[in-house]
Amino acid sequence: MKRRIAVGLLFTVILAIALFFRLSRNIANMEYPKVFLTNEDSGISFNVHAGGYAYRPAGSMGQKESDFSIRFNPDSTIAKFEDHIEIEGTTANISFYIKYTEDTSGVQVLRWPMDEYGTNSPLDTSERIAYQTKGNRRYFTVEPGYLYSIYITWADCFIEYPFQVCETI
């Protein structure tokens, strides 16, 4: 009898460990849009990390959320490690493409002056930046002194890719 209980307990532990690893692997591989940018003037490509986001993982009733990047305190650790691009002169031409397996419902390029950084400026106070589309790439112009965000929506989700633009010294 004790042997059956021990075997049953061992089987339960092994099953629990297998389920844990399967769930953790699925969470780590959640699919969301990714953005890849290029400074068309210099030819330098760069990645921008996701800032604010909200998404509902498959099979989950809970929604994961984070604030827009503009809301972070400019002296915060997050702000210090935020993506920066340096440009020569007063403007630079940037292009980006989105890698995602599903259709997106919207793509916007937004910007705020750097002095609004950390002021809790809502999304609707941002300036919308027009972009041109050629094939799978989108093109727009940036200026130093602004926080830009590529804001993508799909299903009931959104994600933003914020970056600061600074002039090369």
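Strand β1 (residues 34-39) pairs with strand β6 (residues 92-99) in the antiparallel sense, over six bridges. Here two strands count as paired if DSSP finds at least two bridges between them. The structure is a predicted model: local features need pLDDT of at least 70, side-chain atom pairs count only at pLDDT 80 or more, and totals for chains, interfaces and linings use all residues. Residues are numbered from 1 along each chain as its sequence is written, and side-chain values use heavy atoms, with hydrogens and water left out.

**Overall make-up**

- The protein chain holds two helices and twelve strands. Both kinds of element are DSSP runs, numbered from the N terminus: helices are H or I with at least four residues, strands are E with at least two.
- Read from the N terminus, the order of elements is α-β-β-β-β-α-β-β-β-β-β-β-β-β.
- The protein chain has 169 residues, and 36% of them are buried. Buried means under 20% relative accessible area, exposed means over 50%, and partly exposed lies in between (1.4 Å probe, protein chains only).

**The five-stranded sheet**

- An open sheet is built from five strands in the order β2-β1-β6-β10-β9, with antiparallel pairing.
- β2 and β9 (132-134) are the edge strands, each pairing on one side only.
- From one strand to the next, the twist averages 30°. Axes for such angles are lines fitted to C-alpha atoms, for helices over the stretch in contact, and angles run from 0 to 180 degrees between N-to-C directions.
- Within the β1 and β6 pair, Asn 39 has Ile 94 of β6 as its bridge partner.
- β1 is also joined to β2, antiparallel, by four bridges. Leu 37 has Phe 46 of β2 as its bridge partner.
- The hairpin of β1 and β2 has four residues between the strands, and Gly 43 takes a positive phi near 80° there.
- On the other edge, β9 and strand β10 (residues 137-142) run antiparallel and are joined by three bridges. Gln 132 is partnered by Tyr 139 in β10.

**Pairings of β7**

- β7 and β11 run antiparallel, joined by eight bridges. In this pairing, Pro 113 stands opposite Tyr 146 of β11.
- β7 also pairs with β8 in the antiparallel sense, over three bridges. Val 109 stands opposite Ile 129 of β8.

**Salt bridges around Arg 111**

- Side chains of opposite charge can pair when their charged atoms come close. The test used here is a side-chain nitrogen of Lys or Arg within 4 Å of a carboxyl oxygen of Asp or Glu.
- The whole structure contains two salt bridges by this search.
- One joins Arg 111 to Glu 127, with the closest N and O atoms 2.9 Å apart. This pair links distant parts of the chain: Arg 111 sits in strand β7 (residues 106-113) and Glu 127 in strand β8 (residues 127-129), 16 residues apart.
- Another joins Glu 143 to Arg 111, with the closest N and O atoms 3.2 Å apart. Glu 143 lies in the loop between β10 and β11 (146-154) and Arg 111 in strand β7, so this pair ties together parts that are 32 residues apart in sequence.
- Arg 111, Glu 127 and Glu 143 are thus linked in a network of salt bridges.
- Arg 111 counts as buried because its relative accessibility is 8%.
- Glu 127, at 38% relative accessibility, counts as partly exposed. Glu 143, at 32%, also counts as partly exposed.

**The second largest pocket**

- The second largest pocket has a volume of about 230 Å³. A pocket is an open set of points on a 1 Å grid over the protein atoms alone, where a 1.4 Å probe fits, with protein on both sides within 12 Å along at least five of seven lines; lining residues have an atom within 4 Å of a point. Grid points are joined across faces, edges and corners, and the volume is the space filled by probe spheres set on the points.
- Its lining has 13 residues, of which Asn 39, Ser 42, Ile 44, Glu 86 and Ile 87 lie nearest the centre of the pocket.
- β2 (44-47) and β5 (84-87) each supply at least two lining residues. β5 gives the most, with four residues.
- The lining of this pocket divides into five nonpolar, five polar and three charged residues. Nonpolar covers Ala, Val, Leu, Ile, Met, Phe, Trp, Tyr, Cys and Pro; charged covers Asp, Glu, Lys and Arg; the others, Gly among them, count as polar.
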